[in-house]
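This report describes selected features of a structure for a reader who is new to the subject. Please keep the sequence and the model in view while reading.

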Amino acid sequence: MIAFVVQRLLQSVLVMLAVAFISFALFRYIGDPVLIMLGQDFTREQYEMLVRDLGLDQPFYVQFAKFVVSAVQGEFGISYRLARPVAQLIAERLPATLELSMMAALLALTIGVPMGVYTGLRRDSWLSRFFLTISLVGVSLPTFLIGILLILVFAVQLGVLPSFGRGDVVKLGSWSTGFLTTSGLKALVLPAVTLCLFQLTLIMRLVRSEMLEVLRTDYIKFARARGLQNRAVNFGHALKNTLVPVITITGLQIGGIIAFAIVTETVFQWPGMGLLFIQSVNNADVPVMAAYLLLVGFFFVVINLVVDLLYYVVDPRLRIDRGAASGH
Amino acid sequence: MSMKRAFGTAILAGALAAALAAAAEAKPFRFAVSGDANTMDPHSQNAGQVTLILRQIYEPLIHRGKKLEKIPGLATSWQAVEPTRWRFQLRRGVKFHDGSDFNADDVVFSIKRALAPTSNYAIYVDTVADVVRVDDHTVDVVTKIPDPILPDKFTSVFMMDKEWSEKNNSIRPQNTREREEMFTVRNTNGTGPYRLTTREPDVRTELARVDSWWGWQDKGLNDGNVTQMTFRPIGSDATRVAALLSGEVDFVLDPPLQDVNRLKQSLRVLEGPEVRTIFFTYDMHRDELLYSNVKGKNPFKDVRVRKAMYQAIDSNAIHTRVMRGQSIPTGTFFPPQVNGYLKSEDVRHPFSVDAAKKLLAEAGYGGGFEVTLDCPNNRYINDEQICQAVAAMWTRVGISTKLNAMPLATFFPKIQKDDSSLYLMGWGVPTYDALYSFQSLLQSRDGQPGNGIWNYGRYSYAEMDRLINIMKNELDTTKRTAAIHAALRIYREDIPHIPVHHQMIPWAMQKSVNTVHMANNQLEVKWVKLD
């Protein structure tokens, strides 16, 4: 088990280096940050001075090496656009994105799993068919459209929820939370719903198909033959066994939600990392983009590791196999 | 009633009245723009979204009035005492928000700060050789050459407090070599009608009214009643409009064009011209174009080809279909608000597909040719759509045009490396004087600072250069204006650009908001009255 974890950690380092390298190579093509910083009126001397100051006149591998060395020390440089340290910027925006993503993931799970179970158990009821049809909406409509529709209905026409922003936040140390104020909670509703719809549909359909699959297996038949109650059979045995693929998919999706809540954050002007990233791309703000991509790589790596470890907890077969192998 | 009791009642009544008055006067104002200012340093970034906030906090020596005319600001009067020496008399009794006095030392410091290599405002002080303190309230600005438009340029140079800047290590604007954030990025100390109370970049910026500001005494001019303002950047067009419709914001500076008519129905929309002109221009110096199929010669060197392309454009179609009526088609390259504008030269060459084809045939391109048009897609209003329409119009007369649209971050570097054959540009005039446009866009690139720095097509015409030099040095306004008019005539005949239109900028607001529209797209909150 320990060997497994260590092996995975080493692989993760390789993954992060690869991410850093590829993103750095791509940045040469997104535009010239110095021109953006200087605006319309500037002299040749100003341009050259700024290029030298930022170290942009050095060859690619030198810039990359410098970046990796400082990144390891937690020093990500200073944002070209906002003239503030990148690490500070990301730390400020992280709570917003994490709160939003976690809320969306929670909604997707708490609504998606029961819906999936229900539609798996009662395949032919009208409610099942209704859920399945509605869920098509979640998959086929693009995120920004759903977001704008929700804004139109709840903010403009009904006027009950805010159309943008995060509301009032309370700072607990370095973490700013929107959970403790009414305006913060109100502001969280529409973006979280927008973000969770795709995952919700995915989870629901996945649980449903897994349930249908598992309900046909032998051990379920034997459990019923033995006379176990329906509840025990469905939730104690069937549901537990459907969870492995659900966990995998959910894990990967959470990484995706955190990393790419960009569209939702843009629509709702949610001051998270996704919005920061989009603004950085528009302004060729390389330090922020590099730090963001590294962070995203890190998230995916960690989440994948956690997902793999969860397999052991959920699926007894894996535990037995490993045990047998090491037991001789 | 006894004396004491009467007195007590009177005081109570007075206090109540004052409290009610104060409560009644609290006027919060929330306004939304698509982009945030990225710094609060007044000499670091010369961009509209930055100056929009800074101009409520900091002031220049000379203000612009409601019709963009020059009026006294922190300087009460100014004269050219010699051809190369301007004398400014400073306003007395002005204090910075931290309580320190405004005097000549601050002016000397601020102008020199704007001259620093890391300042983005150098264009406004480019002729300044030295700044000299004559006494506590008089400053002399010595110029390298006689500069007739120095006062116009000084309307964009903000005054900072010397002692405060020195105390907070901000003598020079943003120095990127430093790995730390400079104090002036998020902190301010100005002399203006509002002061900064909260600054959360990309989220909100809040300002509170400074009741002791010297300008409030001029109730006729500065008639605003906003006591507190919150500035919210909202990037998504639809969300910004939704926020206005739902009442969460009071004012939107840049509503998307397609929603203007809908907003007019339920809210107030103030429309007006912007000092920004959109035009096409081309590579006029290479012997063979980089992105065309013509070998051995450059079609854009021939004025007949340029005129053909001009006349191929149906500017009315662009005005009605692409811009939905929100534009001012033009035949010149700066709008009437700019000094030097001449109405008789603001006449387009008529739209005529036949005339265009005829001119092309005369020039030897009867069979047409191919060319690539480079275009930004996130900079000017409907920029990509304009390019799409015009590319189709040119293809119609035989010039098969391939459109290459890209974001600003890649577009500007491309044209600045002279890596384009044909492109769209927009040009604003921050000094409101024609010289700025002529010098940057049309003067020959001879290496002198400012000359032709945006003349990537390398247009070079001796007579034009001669006239531009008159504009730079001639203090006599009649002679100078004559030179500008002559240059405009050359512009229309020689077609170094194909002008399209002046942009119009609609401002959308709640019906309870009253203000005056400004062609520089800068809202002056001191002139905003809330019902």
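Strand S18 (residues 497-504) of chain B is mostly covered, since eight of its eight residues are buried. A residue is called buried if 20 or more other C-beta atoms lie within 10 Å of its own, exposed if 12 or fewer do, and partly exposed in between, with C-beta atoms placed from the backbone. Strands (E, at least two residues) and helices (H or I, at least four) are DSSP runs, numbered from the N terminus.

The model is predicted: local features need pLDDT of at least 70, side-chain atom pairs count only at pLDDT 80 or more, and totals for chains, interfaces and linings use all residues. Residues are numbered from 1 along each chain as its sequence is written, while chains are lettered from A and ligands numbered from 1 in the order in which they are written.

**Partners of the covered strand**

Two strands pair if DSSP finds at least two bridges between them. S18(B) runs antiparallel to strand S13 (residues 273-282) of chain B, and six bridges join them. Strand S14 (residues 327-329) of chain B also pairs with S18(B) in the antiparallel sense, over three bridges. His502(B) in S18(B) stands opposite Thr277(B), and His502(B) also stands opposite Ile328(B).

**Chain B as a whole**

Chain B has 15 helices and 21 strands. Its radius of gyration is 26 Å, close to the 24 Å that the globule rule gives for 531 residues, so chain B is as compact as a globular protein of that length. The radius is taken over C-alpha atoms, and the rule is 2.2 Å times the number of residues to the power 0.38. Along its principal axes, the C-alpha trace of chain B spans about 105 × 55 × 50 Å. Of the 531 residues in chain B, 47% are buried.

Two residues are in contact if their C-beta atoms, placed from the backbone, lie within 7 Å. Among contacts in chain B with a separation of 6 or more, 70% join residues 24 or more positions apart.

**Residues in loops of chain B**

| Residue | Loop between | C-beta neighbours within 10 Å |
|---|---|---|
| Leu68(B) | strand S2 (62-64) and strand S3 (70-72) | 15, partly exposed |
| Asn521(B) | strand S20 (513-514) and strand S21 (529-530) | 21, buried |
| Gly93(B) | strand S5 (85-90) and helix H3 (104-114) | 7, exposed |

Leu68(B) is not a glycine, yet it has a positive phi of about 65°. The phi of Asn521(B), likewise positive in a residue other than glycine, is near 60°. Gly93(B) lies 8.1 Å from Trp214(B), C-alpha to C-alpha, although 121 residues separate them in sequence.

**Where the chains touch**

The contact between the chains takes 36 residues from chain B and 40 residues from chain A. On the side of chain B that touches chain A, helix H6 (237-245) and helix H12 (408-416) of chain B are the elements that give two or more residues. This side has 17 nonpolar, 13 polar and six charged residues. Here Ala, Val, Leu, Ile, Met, Phe, Trp, Tyr, Cys and Pro count as nonpolar, Asp, Glu, Lys and Arg as charged, and the others, Gly among them, as polar.

**A helix pair in chain A**

Helix H7 (residues 143-157) and helix H8 (residues 182-214) of chain A pack at an angle of about 145°, with their axes 9 Å apart. Axes are lines fitted to C-alpha atoms, for helices over the stretch in contact, and angles run from 0 to 180 degrees between N-to-C directions. The residues of H7(A) that meet H8(A) include Ile146(A) and Phe154(A), and those of H8(A) include Leu190(A) and Leu197(A). The contact has seven nonpolar, three polar and no charged residues.
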